[in-house]
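Biologist: I am new to this structure and would enjoy a guided close look at one part of it. Could you pick the stretch around one buried helix contact and walk me through it, then show me how the neighbouring helices look?

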Amino acid sequence: MANQGNRHDGRVGEGRGIEVTTEGTPGRPAGGRRTRAAPAATDPGPQVPRGLDPAGGLAALRGLLARPLASYYLLLSSAGLLLLIGLTMVFSATSVRDYAENGDASTSLVKQAIFAVIGIVAFWACQRLPATTFRSLGRPLLFTAIGLLLVLNLLLAYARLTKQDSAQIGPVEARLLWLFVGGIQVQPSEFAKFALVLWGAHVIARKGAALGWWRELATPLFPVVGLLFVLVGYNDLGTMLCLLAVVVGLLWAAGVRMRVFGTLSVLGLVGVGLLIAVASLGAGSGARGEENYRFARLTSFFNPPDPQDCKLEGCYQIYQGRLAIEHGGWFGVGLGKSSFKFGWLPEAHNDFIFAILAEELGVIGCVVVLSLFAVLAYTGLRIARRVDDPFRRLAAAAATTWLVSQAVINIGGVVGLLPITGVPLPFISDGGSALVITLAAIGMLASFARAEPDAARALHARPPARWVRLLWAPLPPLPGRRRRPAASPAARGSVPRSRERREDDQAAPRGVRLARTRRGSADERRR
């Protein structure tokens, strides 16, 4: 027994790196003390600090992105930061002008903050709505947008005939791109973007596999899209390009063939050329008999003139914008310290607010804004890829394409990579209608992010408190739980006694019973 215990102790000591021997065994010192064996010398080599390990950082990032609600939180964080940056830059770009005109430097900031609050309410309402509600809202919103655009264009046509800057009928006044109804300023083209996203996604999702036929693809999508292009593009070519991006996003998410995209690209270029040409007839900001300002912007982009020859109607705006970007440098001149907002840069609070941002915050601030838009683009396409419902997939892809393409068109025009079109920068430019509609689209994306299969299962596994669900958002439906309601016994009818199965031990197998029935019927035929 003693020998067995010694062998057992020797095994345990050997496994722990400790030498254990019995008395009289070589290797144990006098007095029976245990000695720890010296560890073998090994060369650990160069070690990378834990915080700087690239593989560990990528693994941690993958782990964060693999969480069920990662899309939802990425969407909220990127949109929220862009909204805060936008309010800050609106105050910085408009404070000097507002103080000079009204004696209050925060006039435009208060107005933009009110629209931001309205937009947050629209975000909250849209993130609570299910997909069926969005599908049902598509057609009414589209008819409303078309009606507002028709009223705007008719009033503007009347104003041009009477050689006035605006036209008014009762409480409705039209001025270039805006309708004023009882003191409320509305831009109908912004409603047209959101309406086209919802209605187009509903139409394409309903057609399904029939999109492979040109007739099914063209009706009723192309006539309605063509009407919107004419109504919007006649006065606002930049917004028409955003609508074109929405259509491209819808067709791309639907998996339409590449030759369809090629045909649509040719038709789109022809339409853009016609809209540029009609500026000579008074479309947009043009006037009959004057220089075509759209064609002048296009030629100045491909063949830029000497900066010394720039005038206020020519390349003056783009030249001043580049000077503002150059003045900012890497780290900017400081928030609120821009010098080009003192009347040197036209539309510094709207179309060219990115130039003021570059001047005050420098390249670092521009990189932050571009990174936030990149996160927004990734999140929107991630939502479109992860949802199961075809309507959600199409609407998420179209809304993401709309927001990102508008940001690219604006920033590209400011830095000189694209022609100037006059579209605002989402979340950042001054404008109430655009901000409210943009936040409503973000709310729709948030609703779709919560409806991802993994996110829905996680929310149902650990549901928030009831007051949170009432005040913030209800639980999304679980995937794969769509069941038809069971019919009543009266509707199903009674089961014949001849088809009732016997529950006793004498019940024969079904195959034997069927064979017996068939055999009996054959004998009866022979008789």
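Modeller: Happy to help; what follows starts with the whole chain, then looks closely at one glycine and its surroundings, and ends with some other helices.

Please keep in mind that this is a predicted model. The protein chain has 19 helices and 6 strands. Of its 527 residues, 39% count as buried. Among the contacts in the chain with a separation of 6 or more, 67% are between residues 24 or more positions apart.

Let us begin the close look with Gly432, which lies in helix H15. Gly432 has a relative accessibility of 12%, and because buried means under 20%, it counts as buried. What does Gly432 touch, not counting residues up to four places away in sequence? Its partners are Gln112 and Phe115. Gly432 also pairs up with a distant part of the chain in another way: its C-alpha atom and that of Lys111 are separated by 8.0 Å, although the two residues are 321 apart along the chain.

Now cross over to the partner Gln112, which is found in helix H4, residues 107-127. With a relative accessible area of 2%, Gln112 is buried. Leaving out residues up to four places away in sequence, Gln112 touches Ser429, Asp430, Gly431, Gly432 and Leu435, and also Leu87 and Val90. So if you click on Gln112 in the viewer, you can find Gly432 among its contacts.

Step back along the chain from Gly432 and you come to the loop between H14 and H15, where Phe427 is found. Phe427 has a positive phi, near 75 degrees, in a residue other than glycine. Is Phe427 buried or exposed? At 4% relative accessibility, it counts as buried.

On the other side of that loop is helix H14, residues 390-415. Its 26 residues should span 38 Å at 1.5 Å a residue, and its end C-alpha atoms are 37 Å apart, which agrees. Of these 26 residues, 20 are buried, so H14 is largely enclosed by the rest of the structure. Just after H14 comes Gly416, with a positive phi near 95 degrees.

Following the chain the other way, past H15, you meet Glu452 in the loop between helix H15 (432-450) and helix H16 (453-461). Glu452 has 0% relative accessibility and therefore counts as buried. Not counting neighbours within four places in sequence, Glu452 is in contact with Pro68 and Ser71, and with Arg382, Ile383, Arg386 and Val387.

Some of those contacts lead to helix H13, residues 353-386. How does the span of H13 compare with that of a straight helix? A straight helix of 34 residues would span 50 Å at 1.5 Å a residue, but H13 spans only 35 Å between its end C-alpha atoms. H13 also bends by about 120 degrees at Leu361. In the loop between helix H12 (316-328) and H13 you will find Glu347. Glu347 has a positive phi of about 55 degrees although it is not a glycine, and with a relative accessible area of 37% it is partly exposed.

For another view of a bend, turn to helix H5, residues 131-161. H5 has 31 residues and reaches 45 Å from its first C-alpha to its last, close to the 45 Å expected at 1.5 Å a residue. H5 bends by about 30 degrees at Gly138, and the proline Pro140 follows within four residues. Gly138 is one of the buried residues of H5, which also include Phe134, Leu142, Ile146, Leu149 and Asn153. As a general point, an α-helix has 3.6 residues a turn, so residues three or four places apart point the same way. Just after H5, Lys163 takes a positive phi of about 55 degrees.

Finally, here is a pair of helices packed together. Helix H8 (residues 221-233) and helix H9 (residues 237-254) pack at an angle of about 160 degrees, with their axes 8 Å apart. The two are therefore roughly antiparallel to each other. From H8, the contact is made by Leu221, Val225, Leu228, Phe229, Val232 and Gly233. From H9, it is made by Leu237, Thr239, Met240, Leu243, Leu244, Val247 and Leu251. By class, this contact has 11 nonpolar, 2 polar and no charged residues.

Definitions and conventions
Residues are numbered from 1 along each chain as its sequence is written. This is a predicted model: local features need pLDDT of at least 70, side-chain atom pairs count only at pLDDT 80 or more; totals for chains, interfaces and linings use all residues. Side-chain values use heavy atoms; hydrogens and water are left out. Axes are lines fitted to C-alpha atoms, for helices over the stretch in contact, and angles run from 0 to 180 degrees between N-to-C directions. Angles under 35 degrees count as roughly parallel, over 145 as roughly antiparallel, 65 to 115 as roughly perpendicular and the rest as oblique. Contact means heavy atoms within 4.5 Å. Ala, Val, Leu, Ile, Met, Phe, Trp, Tyr, Cys and Pro count as nonpolar, Asp, Glu, Lys and Arg as charged, and the others, Gly among them, as polar. The expected span of a helix is 1.5 Å times one less than its number of residues. The bend at a residue is the angle between axes fitted to the seven residues ending there and the seven starting there. Buried means under 20% relative accessible area, exposed over 50%, partly exposed in between (1.4 Å probe, protein chains only).
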